[in-house]
Amino acid sequence: MQIAFRTHDLGVKGLENAIEKAKTCGISAVQLVAYKFLDEIKYAPGALDEANSAAIGEALKAAGIEVPLIGAYFNPVHSNKEKVANCKAVFKDYLKYSKTLGCNIVGSETGSFNDDKWTYNPLNRTEEALQTVIATFKELAAYAKEVGAFVGMEGAAGHVCWNVATLKRAVDAIGADNIKVIFDIYNYLDASNYKNYLEILDEGLKTFGNIVVFHIKDCVFEDGKLKQVAPGKGMFDFDKILSRIKKYDENAVLVLEGTTGDDIIPCSEFIRNKWNSL
């Protein structure tokens, strides 16, 4: 099992600062989102190149920090088609230089018709939306194959691939063996189904044989809404969650997505201790 954190959740800017913070917190793996913690790398086509990707990858390797996932998340159903085209170009840049960065998987969620809000819109659950996502990721998977990389897809209740079945349908329709799945239980929950989180996890584990990363979160239900909290501070039964994941993959990658600040060290210890006790 490997515990990782997103680079921009470390609370610092710059590569040297991120490495130092990771060492201080005992972090040996990161979900790399370069443009969110490196001001010099913008989210734009051509911003990531051979030189700066090599510098990042070499520095992380020298520090003993692994990269199980690269994030280049974008909205494939955004109403601004020029923006979508730019985002696809950025995603392809990250695929091209993924191995130089220290990984070979670049991931994204499947987007929403609410554009930059990434929230529920009834149009998300239309056939048109799903076919757009399928076409987009099929193009990305084809390019990824050219450069020897993999594409990670992540579902969420407010997005086009809003449940396990819809993401499965998309993956099957794309039909590429270099499509992998990023699984986040919390993402699939809303006020109508949050009590069924273990059943949703079971469905995902049964449905997908290619989950490469699990995003680990916790939550509480307050004022009719779900609110994310740090692992161990909410309603999730981590004995049951982690035992299921461990049975699925003893070498699972667990990214504590959204865990920041003073929660980083204790939450990492909490998850590790739980895992080791199972």
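These notes cover two helices, a hairpin and the aromatic contacts of a predicted model.

1. Length of helix 6. Helix 6 takes in residues 127-147. At 1.5 Å a residue, its 21 residues should span 30 Å. The C-alpha atoms at its ends are 30 Å apart, so expectation and model agree.

2. Buried residues of helix 6. Which residues of helix 6 are buried? They are Ala129, Leu130, Val133, Ile134, Thr136, Phe137, Leu140, Ala141 and Ala144. Their cover includes two helices, helix 4 (81-96) and helix 7 (164-174). Strand 4 (105-109), strand 5 (150-154) and strand 6 (179-184) are also among the covering elements.

3. After helix 6. Gly148 follows the helix. The phi of Gly148 is positive, near 75°.

4. Helix 8. This helix holds residues 197-207. Its buried residues are Tyr197, Leu198, Ile200, Leu201, Gly204 and Leu205. They cover an arc of only 160° around the axis, so they sit on the same side of helix 8. What lies over them includes helix 7 and strand 6, and both of these elements also help to cover helix 6. Strand 7 (211-215) and helix 9 (238-248) are further elements in the cover of helix 8.

5. The hairpin. How do strand 8 and strand 9 run, parallel or antiparallel? Strand 8 (residues 218-222) and strand 9 (residues 225-229) run antiparallel, joined by five bridges. Asp218 stands opposite Val229 of strand 9. Two residues lie between the strands of this hairpin. Asp223, in the turn, has a positive phi of about 50°.

6. Aromatic pairs. How many aromatic pairs does the whole structure hold? A search finds ten. Take Tyr35 and Tyr43: their ring centres are 4.6 Å apart and their planes stand at 75°, so the pair is edge-to-face. The cut-off for that class is over 60 degrees. Tyr35 is buried, because its relative accessible area is 17% and the limit is under 20%. Tyr43 has a relative accessible area of 29%, so Tyr43 counts as partly exposed.

7. Aromatic cluster. Tyr197, Phe236, Phe238 and Phe270 form one aromatic cluster. Tyr197 has already appeared among the buried residues of helix 8.

8. A charge over a ring. Which residue lies over the face of Trp162? Arg125 does, at 3.8 Å from the ring centre.

Definitions and conventions: Residues are numbered from 1 along each chain as its sequence is written. This is a predicted model: local features need pLDDT of at least 70, side-chain atom pairs count only at pLDDT 80 or more; totals for chains, interfaces and linings use all residues. Side-chain values use heavy atoms; hydrogens and water are left out. Helices (H or I, at least four residues) and strands (E, at least two) are DSSP runs, numbered from the N terminus. The expected span of a helix is 1.5 Å times one less than its number of residues. Buried means under 20% relative accessible area, exposed over 50%, partly exposed in between (1.4 Å probe, protein chains only). Contact means heavy atoms within 4.5 Å. The arc is that of the directions from the helix axis to the C-beta atoms. Two strands pair if DSSP finds at least two bridges between them. Rings of Phe, Tyr and Trp (its six-membered ring) pair if their centres lie within 6.5 Å; planes under 30 degrees apart count as stacked, over 60 as edge-to-face and the rest as tilted. A charge sits over a ring if NZ of Lys or CZ of Arg is within 6 Å of the ring centre and within 35 degrees of the ring normal.
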